[in-house]
Amino acid sequence: MLSSLRTTVKNSPVPFGRIVSGAAAVLVSASLLAPAVAQQQESERKTQELSEATGMRHEQLSVYDSIVRDRLERQAKATLSGAQATVAANQAKADASAAKTAIAGLSGYTKLDEGTLRDSIVATQAASDALAAAGADADRRAAEAAAAAAAALANANTPAGAKATAASLAASQYGWGADQFQCLDKLWQRESGWNYQASNSGSGATGIPQALPGSKMASFGTDWATNATTQIKWGLDYISRGYGTPCAAWGHSESVNWY
């Protein structure tokens, strides 16, 4: 075969250089066309398999592909909308960076190929679900904290709770010990029975220390009408400034029936 080829080349009127160049061009063209031909053959094979599996003709498959694409894009749009709503509702309560990144990746869904689009939809939904769960957990913890605070306030507002608070604050902030607290206990028992809701209908005095008017206690907190601790803080300050000690205030009350 090689001998025949050499003879043919030798006897050919075409210059040897042009023969070589032509052969090289053929080889280059073959190397460039081969992948495209292989891809086309693979596409045709898959189309044939899908046609056999679904019973659809080739032209029907084109319509099917269009329907699938339309559904995917509608799913992407719905996923985006839901994820964006989830971010808006939860970004102040939890880290929304992963969801925002996924949303950014899906936002150009019309330009994504089918496989990438499916993956992006799944990733965005997963990130959205994770953020929603984190937000729900934050809400749960906030509710638990609020319930604990409400329970603590309710306990502090009982006469026993108010007395415990007063004894602690009297000692820690004013250096008043058990002897002074005995005077304070008798003084505020007479004034209000340690009831933070106590009100004197005649004078208008209000709360555990019977502030007149009750709004004076706002200097220690806007919750003065509902928080025994705020009332106690104001009352201890009032006693310290006006009488020096609870026992001095009690002595004045014993003398004139008010302090």
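Is cysteine 183 buried or exposed? Keep that in mind while we walk through this model, which is a predicted one.

Let's begin with the overall fold. The protein chain is built from nine helices and has zero strands. If you trace the sequence from start to end, the pattern reads α-α-α-α-α-α-α-α-α. Of the 259 residues in the protein chain, 28% are buried. The accessible surface of the protein chain adds up to about 15800 Å², and carbon and sulfur atoms supply 57% of that area. As for how the chain meets itself, take the contacts with a separation of 6 or more: 53% of them are between residues 24 or more positions apart.

Now for the cysteines. The structure holds one disulfide, and the partners are cysteine 183 and cysteine 247, with their sulfur atoms 2.1 Å apart. Cysteine 183 sits in helix H7, which covers residues 178–192, while cysteine 247 belongs to helix H9, residues 246–256, so the bond ties together parts that are 64 residues apart in sequence. Turn the view to look at the S-S bond itself: the torsion about it is about 85 degrees, so this disulfide is right-handed.

Back to the opening question, then. Cysteine 183 is buried, because its relative accessible area is 9% and the cut-off for buried is under 20%. What about its partner, cysteine 247? Cysteine 247 has a relative accessible area of 25%, so this residue counts as partly exposed. The disulfide therefore pairs a buried cysteine 183 in helix H7 with a partly exposed cysteine 247 in helix H9.

Terms used: Residues numbered from 1 in each chain as written. Predicted model: local features only at pLDDT ≥ 70, side-chain atom pairs only at ≥ 80, totals over all residues. Heavy atoms only, no water. Disulfide = S-S within 2.5 Å. Helix = DSSP H or I, 4+ residues; strand = E, 2+ residues; numbered from the N terminus. Buried < 20%, exposed > 50% of the residue type's maximum accessible area, 1.4 Å probe, protein only. Contact = heavy atoms within 4.5 Å. Areas by Shrake-Rupley, 256 points an atom, 1.4 Å probe, with all protein chains shown as cover.
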